[in-house]
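User: I am new to this structure and would like a short tour of its strands and cavities. Where shall we begin?

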Amino acid sequence: MALNAEVLTSYAPIDESLADSLLEQEIAQNNKKIVVLDDDPTGVQTVHDISVYTNWTKDSIAKGFAEENKLFYILTNSRGFTKAQTEQAHKEIAAVVDEVSKETGKEYIFISRSDSTLRGHYPLETTILREAYEKNTGKPVDGEILCPFFKEGGRFTIDDIHYVKDGATLVPAAETEFAKDKTFGYTASNLKEYVEEKTNGAYQKETVTSISLKDLREMRLGKIEQQLISVTDFNKIIVNAIDYTDIKVFCIALFRAMSKGKNFLFRTAAAIVKVMGGVPDQPLLTREQMVVAETANGGIIVVGSHTEKTTKQVELLKKNKGIAFVELDATLVKDAPAFAKEVERCLALEEKYLKAGTTVCVYTTRALITAGSGDKEDDLRLAVKISDAVQSLVGRLSVVPSFVIAKGGITSSDIGTKALAVQKANVLGQIKPGIPVWQTGAESKFPLTPYVIFPGNVGEAATLKEAAEILMLG
């Protein structure tokens, strides 16, 4: 049942200064490196001045371990992978991380950062990480913490039910378009039931531990710590949260439980990563902070996401008459020669507009295209073909754009890793709440270019237009 969003203000506030002080002490005492495996590039949407590595070579992971920061990200892009590809990637990452850990003498914590609307390869990814961690370290993983709270995107968990904010309404996640995802769909909004559904009953809802909002708001740290200490055999823990203060209180108890020898894996959205890593707040980015290499060329906006939210955002973007629009006819994807010709047509138009100083938006046909076989992985492979074409519309550019905005998780990953060839990026911060900006590295196709990673499921109708206009000023 949907709730009125006013419920978010109905809980007693937490003494945030006390929570901050206690959390700071716990973070300082935690010497483990937090390794965040991100299944698409949007997961850095809460942090700044943090490194993202787009590969998992030993050299990259060693650099991550050597950084002063408490955490670093590895972009797996596994939401665009098949199950077999996902399994292979996670086994490879786990092996290299453990090798570097043993060489440096620094222990580690895995966070599997995924979608705040519950899509992704779950429980596959954390199951593989658990098996690898236990084999490599000889230590048991006592529990798995699920925390999809993400305030910037309007994702809240109340009484174990996960909600997506839509205007003044909190809609149970399973009643949203995201739950109907062709590859990663689900039917349960109650996270205990979600666990049972996704694990095919291997973990029953009755066995799931729930961290309540009441206990968090009353800062019952001893009780929460004891709940965590009591969890064994990789059983699941649900974190209810409607504000960052809830996450801060939880993390105090979490670090205390870990200091007593408890080990946990995490399947979370972006918010808890920021809190565990001690990343401070900062204001939204200005154009001056993002654009460090001015050019007379236009910028490029690439839209691959098919969510209803994205379609509405593109419609509003069209009200800016200073932007040119190019539609890639993705319905041609099953006809390879015709699709190749269509990509060439779009690329020529893009270059013409960019050279003229005009910002251009290239977007795929809004209709969702399926393989027609009924096989989810066939649909995913088709989506990847379309995404490959979309990223080539950036990767094959001979004109340097003043900025790049990518809309959608798979799209933004492909553009970042394939088109822009980024191996390591610095997260500058956010252009709008929940919308991160990378500064591309010297090795990339367009060095020091602001790259805005715009999730398909984030923002209001006008947010894409507003973000583009911030970068177009000047």
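Analyst: Let us begin with a term: two strands count as paired if DSSP finds at least two bridges between them. Please note also that this is a predicted model.

User: OK, so how do β3 and β17 pair, and over how many bridges?

Analyst: Strand β3, residues 51-53, pairs with β17 in the antiparallel sense, and three bridges join them. Within this pairing, Val 52 stands opposite Ala 425 of β17.

User: And is β17 largely enclosed or not, and why?

Analyst: Strand β17 covers residues 424-432, and seven of its nine residues are buried, so the rest of the structure largely encloses it. Buried here means under 20% relative accessible area.

User: What about β17 and β18?

Analyst: Strand β18, residues 435-439, pairs with β17 in the antiparallel sense over five bridges. Val 427 stands opposite Trp 438 of β18. The two strands form a hairpin with two residues between them, where Gly 434 takes a positive phi near 80°.

User: Changing topic: what is the order of the open sheet of four strands?

Analyst: The order is β1-β9-β8-β7, with antiparallel pairing. The edge strands are β1 (3-4) and β7 (155-158), each of which pairs on one side only.

User: And how many bridges join β8 and β9?

Analyst: Four bridges join strand β8 (residues 161-166) to strand β9 (residues 169-172), in the antiparallel sense. Tyr 163 stands opposite Pro 172 of β9.

User: Now the cavities. How many are there of 30 Å³ or more?

Analyst: The count comes to two cavities of 30 Å³ or more. The largest has a volume of about 120 Å³. It is lined by 13 residues, and the closest to its centre are Asp 115, Leu 118, Pro 148, Tyr 194 and Arg 267.

User: Which elements each supply at least two residues of that lining, and what is it by class?

Analyst: β6 (143-147), α5 (191-198) and β12 (264-268) each supply at least two residues of the lining of the largest cavity. By class, that lining has eight nonpolar, two polar and three charged residues.

User: And the second largest cavity: what volume, and which residues line it?

Analyst: The second largest cavity has a volume of about 80 Å³. Its lining includes Lys 32, Tyr 108, Ile 109, Phe 110 and Met 258. β5 (108-113) and β12 are the elements that give two or more residues to this lining, and β5 gives the most, with three residues. By class, the lining of the second largest cavity has eight nonpolar, one polar and one charged residues.

Key:
Residues numbered from 1 in each chain as written. Predicted model: local features only at pLDDT ≥ 70, side-chain atom pairs only at ≥ 80, totals over all residues. Heavy atoms only, no water. Buried < 20%, exposed > 50% of the residue type's maximum accessible area, 1.4 Å probe, protein only. 1 Å grid on protein atoms, 1.4 Å probe; cavity = no way out; pocket = protein on both sides within 12 Å on 5 of 7 lines; lining within 4 Å. Points joined across faces, edges and corners; volume = space filled by probe spheres on them. Nonpolar A, V, L, I, M, F, W, Y, C, P; charged D, E, K, R; others polar.
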